[in-house]
Structures are given as structure tokens and as C-alpha cells.
Amino acid sequence: MLILGIESSCDETAFAVVDSGRRVLANTIASQIDIHARYGGVVPEIASRAHLECCASLFLQCLAEAEVRIEDIAAIAVTRGPGLAGCLLVATEFAKGLSLRHGLPLVAVHHIAAHAWSPQLARESDAWGLDASASGSFEPYVALVASGGHSSLIEVRGPLDYDILGETMDDAVGEAYDKVAKLLGLGYPGGPLLDKLAQSGNPSAFGLPRPLMKGDGLDFSFSGLKSAVARIVEDRIRHNQPTDEPFVADMSASFQAACVEVLLAKAARALKQTGLRRLALTGGVACNRGLRAAAASRLPGIRIAIPAPEFCTDNAAMIAGLGYWVHQQEGAVGMRLNAAPGLDLAAAPWNS
Ligand code: KG4
Ligand code: ZN
């Protein structure tokens, strides 16, 4: 059963065709990174216009890549929220147009749930061996969704059953990466650049804070960490000390070490508190090499799933993948589907 997924919640326009919630036939993405780089972050009005401009051609490109026709598609899944209002509107209205024109059922998908569900996706063979039916024998897991907009620990009990265990109280970890990269004079988005530099730096060079580590809480806070970096950079400039490449590499490594330590410590806590033995690392920050490398060594005995990078950053395969289950279990929403920038994860099936 082929599902067409559509995603435009932030700065990636994306279409995908996924078979039966798992096998990805095409995952087509138009990134706006170059457009927003000169502003150092996403400009919502520019983002929604850019989505609009490439939507139709990207849709055709996706079908061609999947080697299918629109007649082969069984249903359309679209991100309803959360996200930027003007951006979400582009995909939801495009999806409604396609649904009306081709008589296809339309289902609404929650963006963060789709990240949490993304380890179920695979290009060819099974990534994680989700049980044949997502009910009954499905084994729950903890998902860390770490992206530019969110840092959440979520208990995944089924495709439509999520419980938020912990969230960031201020900046998301990806947002902190982007801001720290800006402070260090790197480009946008900062995550991949900082990750690369961190490989050649000393992670103990600067004693940065590990926020909210005391007690047994599962919430995150990253803005204090970012401010600590800002203070060190300002101090160096004031005292005419170099902010050259070795400094930037050491600061990148120290910042990355703090982020990785906090993310994995809280994930370990969530696993302990829920008694679960499986962990998924998802969202754009799950591309991070430091995080990927440390996860296995710091969580012995835990089965860890990390989707391929193309399914970590924003994509429509995850929307089509979860959309399959929404369609199976809840059916279509139809023309009353509207964009919902503040859509609640717990409000599954996210239809109204
Ligand atoms: O999931 P995503 O594509 O979009 C959101 O839903 O936010 O995540 C984008 C975020 C950006 O903040 C980017 O800097 C971060 O993921 N990111 C990384 C890496 N690759 C992307 N952060 C750290 N290390 C990386 N390798
Ligand atoms: Zn995302």
C-alpha cells in the first residue's frame, strides 16, 4: 500500500513515497539552507514562499524517482503541525488539492511523532524489525527527538500512542548548536559544521555546565550552556586572546561533549524509569557523529536504533511512514484538515 507523504513545516519541502509504513521508494527533499544562510536562521515568510515555488515540481520529481504514477498511490499523509503556520499551509493545501483531484484519502500526521516513529523506515531491508502489526506484539521504546525545534524524550507505545517524558525548557539542542556556531563565526546550520570541527578539538578544554543533571528529572535546558560559551568568547575578545581555529575546535568539542553527555544521561534515566530496553535517536541532531558514537558505549544492554541521516533531518518519508498507520487505524480526515502550528502530540490521531 503506497502512501505519498508531504512535509513543509519549517525549511525543507519534502515529498516521499513509502510502501506499507516501511519501505521507502522515494525521499525527495528541497532544502532552503542556502536561502536562509545569509540571515543566520529561518525567515518564516521567505520559507513559505520558497515552499510554494518548488512544491509542484518536487511532487512530480518524487513520483518519477519512485517510478510510480499518482494512480498507484493509496493515500496522502501530510504534516499538520507543529511548525510555522505559513509553511504548514503550503503542504496541507497542496495535499487537499491532490486529494480532491484524484479522490485520494487524506490523513494528518504530527511532525514530532513522525520523527519518533522514523526508525521504522528502511530503503530495502528491515531497519528495526517492527512487528508485523503495530498493535499487540509491538515492543515500546524511548525516542529522543533532538532537532532544531525540539528536544524531547518520548515513550512510543504504538503509532498513535506517545507519552512525553521530558522536554526542553528553553532552546532545543539543535537551536543551541546553531547559536553557538554563530557565536564561533561558523555558518548556518551550525550543527554539521560544529560536529566536524569537534572531531579535531579537545572535549575537556572548557568546563562547560551540564544543565539540569541533578535529581531524576527528564527535562532539558540548553540556553545556559549557550550563554556559557558566549561569556567565554566575549571574555577572550575583551582580553585580546585569539579566537582562532584551535580555539574554535576546542570549544566545539567541549560544547559537543556537554550536549552528548546530557542527552544520553537523560535518555538512560528515561529508560530506567520506564523499564524499557530500546532507544531511538531521531531528529536532525541524531546525525551528530559524537552522539552516534557515544550512544552504544554509554548505554550497554540497550538496543539502539538510529535512522539513516536522510530520515533524521526533516523529510517526508517519516510522514508517509507514520501516515500509513494513521490511515490503517483511524481512516481519512478529508477536506476539513487544516494546518495546526501548535498541534499537541497527545491529541492523536491529530485530525481535529
Ligand atoms: O530535524 P531537523 O532537520 O529540523 C527540525 O525539525 O528542526 O533538524 C535540524 C537541526 C539543526 O539545528 C541542525 O543544526 C541540527 O539539526 N543538526 C545537527 C547535525 N546535523 C543537523 N546538530 C548536530 N550535529 C549534526 N551533525
Ligand atoms: Zn523536524
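**Questions at the ligand**

Visitor: What makes the pairing of G191 with ligand 1 a polar contact?

Guide: A backbone N or O atom of G191 lies 3.1 Å from an oxygen atom of ligand 1. A polar contact is a pair of N or O atoms within 3.5 Å (within protein, one must be able to donate a hydrogen and the other to accept it, and sequence neighbours count only if both atoms are side-chain atoms), so this pair qualifies. G174 also has a backbone N or O atom 3.1 Å from a ligand 1 oxygen, and for a polar backbone atom of D314 the distance is 2.9 Å.

Visitor: What kind of model is this?

Guide: It is a predicted model, in which local features need pLDDT of at least 70 and side-chain atom pairs pLDDT 80 or more, while totals for chains, interfaces and linings use all residues; side-chain values use heavy atoms, without hydrogens and water. Residues are numbered from 1 along each chain as written, with chains lettered from A and ligands numbered from 1 in written order.

Visitor: How many residues surround ligand 1, and which are closest?

Guide: There are 20, the closest being G148, D178, D195, N288 and D314. They count because each has a heavy atom within 4 Å of the ligand.

Visitor: What is the class make-up of that shell?

Guide: Six residues are nonpolar, 11 polar and three charged. Here Ala, Val, Leu, Ile, Met, Phe, Trp, Tyr, Cys and Pro are nonpolar, Asp, Glu, Lys and Arg are charged, and the others are polar, so glycine falls in the polar class.

Visitor: Which helices each supply at least two shell residues?

Guide: Those are α4 (111-117), α5 (173-183) and α6 (190-198). The protein has 11 helices and 10 strands, taken as DSSP runs numbered from the N terminus (helices H or I, at least four residues; strands E, at least two).

Visitor: Where is P189, and what is special about its peptide bond with Y188?

Guide: P189 sits in the loop between α5 and α6, and the bond joining Y188 to P189 is cis, with omega about -5°. The bond from A348 to P349 is cis too, with omega near 10°; P349 belongs to the segment after α11 (317-330).

Visitor: How do you know whether the protein is compact or extended?

Guide: The globule rule is 2.2 Å times the number of residues to the power 0.38, with the radius of gyration taken over C-alpha atoms. For 352 residues a compact globule would come near 20 Å, and the protein has 20 Å, so the two agree.
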